[in-house]
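These are my notes from a reading of the structure shown below. I began with the place where the chains meet and then turned to each chain.

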Amino acid sequence: MRAGFLFKEVRIGLRRNLTMTFAVVVTVAISLSLLGIGLLSNAQVNAMKDYWYDKIEVSVFLCGTLSESPTCANGVVSADQRAAIKSDLEALPVVQSVFYESQTEAFARFKERFKNSAIAQNVTADQLPESFRVKLKDPTQFDVVVSAFSGRPGVDIVQDQRTILEKFFKLLDVLRNGALLVGLFSVLTAALLISNTLRIAAFNRRRETGVMKLVGASSWSIQLPFLLEGVFSAVLGWVFATGLLSGLKYVVDQKVAPLLTFTKFFAWNQVWISSAILLGVGLFVSVLASLITLRRYLKV
Amino acid sequence: MIRFENVTKVYAGQERPALDGVNLEINKGEFVFLVGKSGSGKSTFLRLILREERPTSGIIHVAGKDLGTLANHKVPELRRQVGTVFQDFRLLPNKTISENIAFSLHVLGYSQKEINREVPEMLELVGLEDKGDRLPSEISGGEQQRVAIARAYVTKPPIIIADEPTGNLDPELSVGIMKLLDRINREGTTVLMATHDSGIVDQMRKRVIELDGGHVIRDQVRGVYGYTG
């Protein structure tokens, strides 16, 4: 079978079954978009993790006037203790840098954060603890700092921001998994629709396929036009899905990012990577659904 | 060209065999009528040749191929050796006469140049050179059957099988079909035609094989339809 004749047959097939072609294209577009949104939420979670984990610090709070932990029984941290803690922190190999925040600085930051709130007016500098902000070379190594400094005289508590963020990221992971699952199920739906559409197409064209068998066409050349119809619909659906994801990225950049400045958003190349994955999924699913269906309904 | 050795076919769920120990040989260039009542095994015989069915036992050779050992993916190759014509024509209703004939060539991968050469030649052979652009619904039944023959013959297969090709046609149109098949036979093609049409068989005086209850009860070199002794 020559390419010219093949494409003519494919065109006739798609046109004769126009409503079904439309349904398949739309279904593939929607299901690939859903899967793409799942992939982009994954990219978004990763972008946020990168952004936040990079900023994570371990805070070593020193005993202040309000500290209640047993290590602070002797009252406010002494200058010797503070200096010893600082030099011990800096000596740890996992530590990248140590930044000291005095009560005054803590108060300034506090006022800045709650500047529109009544709380700020009831707080004075000596109520806030002084602390060391420790930046780690590898944020997963926070245990080292926690075990070395918890319970040391002069240290109130050692707090790792990662434990707070992790609860938040667990929630995001659940949402992302949900989005991916919805995407996968809708792709499965699209595969079933492609399969059923081809079954109908094979039934509608049983005269043609009957004649093809009669004159000795190979089963491959009988199935090829149907296969290409399925692939064509899937590729067209993929084009729409990619358009939709690009639109989503545009809206995020234009409307959402200026409002939510506390995080980074997924980059354009994540859109292209997702799109490439969607093309792979679309082709794989449509070819597989076609081959299984055609093997059953177009037996030579 | 076609050889049956002790071929028996029993369909699943049936006790009586459709063909029962059939032995026969059809040589290259022969014209053979296959006659017999409905249910005598004619259709089974033709289906076995095209390997639409497999025999329960026995050996079948068609165009040099042993159908018992022929792999499934080689079946299309067998069917390219055997042109088929049916009672109901089986033309594609939304393709023109020319396109119907060209369809065989297209699906077998002939070039446009070859198609442009072969199709008009076939139209001329079957006497429809001025009707190539018509749709099947716009021509008569006899003409449709001639198109079906052109489609079966355009690839020049060594064997043509015709299953009741005149079954739907008036006697005067049938004559045209028989002339055409005879002409194709004279060009060296083996023709096997299953028929109920006694007039045609009596007129042509070709080899006649009669089946009854799955047995070959008659095989005459220059036979007639009804056996009168």
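**Entry 1. The contact between the chains.** I looked first at the contact, which takes 16 residues from chain B and 15 residues from chain A. On the chain B side, α2 (75–81) and α3 (97–107) each supply at least two residues. The largest share of that side, five residues, comes from α2(B). I sorted the chain B residues that touch chain A by character and found six nonpolar, six polar and four charged. I note that the model is a predicted one.

**Entry 2. Chain A as a whole.** How many helices and strands does chain A have? I counted nine helices and four strands. Read from the N terminus, the elements of chain A follow the order α-α-β-α-β-α-β-α-β-α-α-α-α. The radius of gyration of chain A is 31 Å, well over the 19 Å that the globule rule gives for 300 residues, so chain A is more spread out than a compact globule. Along the principal axes, the C-alpha atoms of chain A fill a box of roughly 100 × 40 × 25 Å. Of the 300 residues in chain A, 31% are buried. I also looked up the contacts of chain A with a separation of 6 or more, and 85% of them join residues 24 or more positions apart.

**Entry 3. One residue of chain A.** I located A:Arg295 in helix α9 (residues 268–297) of chain A. Is A:Arg295 buried or exposed? A:Arg295 has 11 other C-beta atoms within 10 Å and is therefore exposed, the cut-off for exposed being 12 or fewer. I then compared its place with that of A:Ala118: the two are 177 residues apart in sequence and 73 Å apart in space, C-alpha to C-alpha.

**Entry 4. The nonpolar cores.** The largest nonpolar core has 69 residues, and B:Leu34, B:Ala150 and B:Ile160 have the most contacts inside it. I followed B:Ala150 beyond its neighbours within four places in sequence and found it in contact with B:Ile101, B:Met122, B:Leu123, B:Leu125 and B:Val126. A second, separate core has 29 residues, including A:Val24, A:Leu39, A:Ala190 and A:Leu278.

**Entry 5. The four-stranded sheet of chain B.** In which order do the four strands of the open sheet stand? I read β2-β1-β4-β5 (chain B), with antiparallel pairing. β2 (19–26) and β5 (65–66) of chain B are at the edges with a single partner strand each, so one side of each is left without a neighbour in the sheet. Further in, strand β1 (residues 2–9) and strand β4 (residues 57–62) of chain B run antiparallel and are joined by five bridges. B:Phe4 has B:Ile60 in β4(B) as its bridge partner. Helix α1 (residues 42–49) of chain B packs on this sheet and touches β1, β2 and β4 of chain B; its direction makes about 120 degrees with that of β1(B).

**Entry 6. The six-stranded sheet of chain B.** I next traced an open sheet of six strands in the order β6-β7-β8-β3-β9-β10 (chain B), with mixed pairing. Its edges are β6 and β10 (215–220) of chain B; each has a single partner strand, so one side of each lacks a neighbour in the sheet. From one strand to the next, the twist averages 15 degrees.

Strand β6 (residues 82–86) of chain B is mostly covered, as four of its five residues are buried. β6(B) pairs with strand β7 (residues 159–163) of chain B in the parallel sense over five bridges, and there B:Gly83 has B:Ile160 as its bridge partner. Helix α5 (residues 141–153) of chain B lies across β6 and β7 of chain B, at about 165 degrees to β6(B).

Strand β3 (residues 31–35) and strand β9 (residues 207–212) of chain B also pair in the parallel sense, over four bridges. B:Phe33 stands opposite B:Val208 in β9(B). Helix α6 (residues 171–186) of chain B packs on the sheet, touching β3, β7 and β8 (190–194) of chain B, and its direction makes about 150 degrees with that of β8(B).

**Entry 7. Backbone angles in two loops.** Most residues other than glycine have a negative phi. I noted B:Ala63, whose phi is positive at about 50 degrees although it is not a glycine. B:Ala63 is in the loop between β4 and β5 of chain B. B:Arg90, likewise not a glycine, has a positive phi of about 55 degrees and lies in the loop between β6 and α3 of chain B. B:Arg90 is partly exposed, with 18 other C-beta atoms within 10 Å.

Technical notes
Residues numbered from 1 in each chain as written. Chains lettered and ligands numbered in written order. Predicted model: local features only at pLDDT ≥ 70, side-chain atom pairs only at ≥ 80, totals over all residues. Rg over C-alpha atoms; globule rule 2.2 N^0.38 Å. Buried ≥ 20, exposed ≤ 12 C-beta atoms within 10 Å, placed from the backbone. Contact = placed C-beta atoms within 7 Å. Core = buried A, V, L, I, M, F, W, Y, C linked by C-beta atoms within 7 Å. Nonpolar A, V, L, I, M, F, W, Y, C, P; charged D, E, K, R; others polar. Pairing = 2+ DSSP bridges. Axes fitted to C-alpha atoms, helices over the stretch in contact; angles between N-to-C directions.
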